[in-house]
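Morning, everyone. I have one structure to show, with a helix pair and some empty space to talk through. Here it comes.

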Amino acid sequence: MPRDLQNTFTAVFAVIAFMLSACTVGPNYHRPVIQTPASFHGASESQGTAAQTESFADLPWWQAFHDPQLQELIRTALKQSYDLQLAVERVNAARAQVGIVRANQFPQVSLNPTFSGGKTEQGIKSNIFSLAADVIFQVDLFGRYRRATEAARAQLLGTQDAQQTVILTLVSDVASDYFLLRDLDLQLQITKKTVQTQENSVKLTDLRLTHGVGTRLDVLQSRQVLDTANAQIPDLERQIGQTEDAINILLGNYPQGVPRGTALGTPTPNGLQWSETLPPELPTGLTSDLLERRPDIRTAEQNLVAANANIGVAKAMFFPQISLLGSGGAAFGHSAFLGSSIPAPLGVGSYAVGLTQPIFQGGALRNNLRYAKSEERQALISYQQTIQRAFGDVSDALIGYDKYHGARELQEQTVKDLQESVDVSLMRYRGGTANYLDVLDSQRSLFQAELTLAQARNNEYQSLVQLYKALGGGWK
């Protein structure tokens, strides 16, 4: 073949190959334009200013939660959690699925070796070894298999983002349950302190009754708060045990005790003293960053990418499908007859090109395309809805943290006032200028106020965890 003609054939072949690889029907994906709010609802002006440079969610979880024991629990959960192990296997399965779908873009080759031999009645002996090979190649002329691979890759990325969602949820759940456990510990400590205080009050009223300066009614009234506090201890211990079980399930352990770290607070004569000072405000970051930081939003977008690619798959099924077929083989051996050796054929081969064009399928292809487009619209709506809910989560967490912080500070003042009321009423009772009913009312109110304050502190921590989760932190 002349060199010029050979170069021409090579160039034509290259152009055809390029056209085959570039011809892909269906829409290419473009990220939808989403108009996000300029600021988070519930954020203060100072938070909005700080958001330009930093976000609370930028902190890794071991810096967001300072309790060393909580950090160790989270590390254990990330190693042992069954939910996370399942998420990892889903990623592995999705990665394998990409390989399965992508395999359709390559030739399928199969071998069929056989060995035969024997002797006939005519005395013919034969030993033949044959090796046949078949090659089938579906020419991806209109990008059907490439679009399917694109969809599978998007589903893989979505599964990886879903794994990050599991990590985010796991970190948040462990922290939330741990703070609840420490709050229940604090409530139990307050209740036991109240029991001890009321036992002293009962001794005081008994002593006054013995010396004739008190009444039997004073003794009975002093026992009311004591009985109330004693009745709450078993319920608090029940909640503590069940919360420990919940934490162990998150950690992938069987139910057992949970080691404690830093106490949520400590009861003192001057009220509850907290182990950590929580800031009144936390930076949130730019609203546009939420689209990249939240793994559930990225999962929803990858589902949209896959649905968009599946439209191309459905469209490609309207066009001809070209198949290249080839087969070949060779036989090795001989047949012996009357002392003569007859060699086996050396080889045979064939090739074919097939084309399949759908003509009539009862509307299946048209409805398949409608189905793919509907799936894409559903994925788009889900993507938009996920973004909207994410902003709602952040707003709820910001409002909750701000209001719980303020409520806790007000409740602290209430406890201080009631503590002073108890001291004054006891002083007056000892001096004989007041009856025990005044003491009883102030002690009962103080007990409930201290429990409410402990719960308010827990609410503050819970909203802190929810804000961290809503902003997309915790999985890095």
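Start with helix H9, residues 295-316, and helix H10, residues 364-430. In this predicted model, their axes come within 8 Å and cross at roughly 165 degrees. Angles over 145 count as roughly antiparallel, so that is what H9 and H10 are to each other. And which hand does the crossing of H9 and H10 have? It is left-handed.

Now the residues that meet. On the H9 side, look for Asp296, Ile297, Ala300, Glu301, Asn303 and Leu304. Carry on along H9 to Ala307, Asn308, Asn310, Ile311, Ala314 and Lys315. On the H10 side, the partners include Asn368, Leu369, Ala372, Lys373, Glu375 and Glu376. Also in H10 are Ala379, Leu380, Tyr383, Thr386, Ile387 and Ala390. By class, this contact has 13 nonpolar, five polar and six charged residues.

Next, empty space. Rolling a probe the size of a water molecule over the atoms shows where it is left.

Take the largest pocket. Its volume is about 390 Å³. The lining has 20 residues. Which of them lie nearest the centre? Lys193, Thr197, Gln419, Val422 and Leu446. Three elements give two or more residues to this lining: helix H6 (144-210), H10 and helix H11 (436-470). H6 gives the most, with eight residues. So much for where they come from; now the classes. The pocket lining has seven nonpolar, nine polar and four charged residues.

Last, the enclosed space. How many cavities of 30 Å³ or more are there? The count comes to one. About 100 Å³ of space lies in that largest cavity. Its lining includes Gln138, Val139, Asp140, Leu141, Phe142 and Gly143. Arg144, Tyr145, Ala316, Pro320, Gln321 and Ile322 line it too. Here the elements giving two or more residues are strand S2 (125-139), H6 and strand S5 (321-337). By class, the cavity lining divides into seven nonpolar, three polar and two charged residues.

Keep H6 in view as you turn the model: it gives residues to the pocket lining and to the cavity lining. That's my slot. Over to you.

Key: Residues numbered from 1 in each chain as written. Predicted model: local features only at pLDDT ≥ 70, side-chain atom pairs only at ≥ 80, totals over all residues. Heavy atoms only, no water. Axes fitted to C-alpha atoms, helices over the stretch in contact; angles between N-to-C directions. Helix = DSSP H or I, 4+ residues; strand = E, 2+ residues; numbered from the N terminus. Parallel < 35°, antiparallel > 145°, perpendicular 65-115°, else oblique. Left-handed = near helix turned anticlockwise from the far one by under 90°. Contact = heavy atoms within 4.5 Å. Nonpolar A, V, L, I, M, F, W, Y, C, P; charged D, E, K, R; others polar. 1 Å grid on protein atoms, 1.4 Å probe; cavity = no way out; pocket = protein on both sides within 12 Å on 5 of 7 lines; lining within 4 Å. Points joined across faces, edges and corners; volume = space filled by probe spheres on them.
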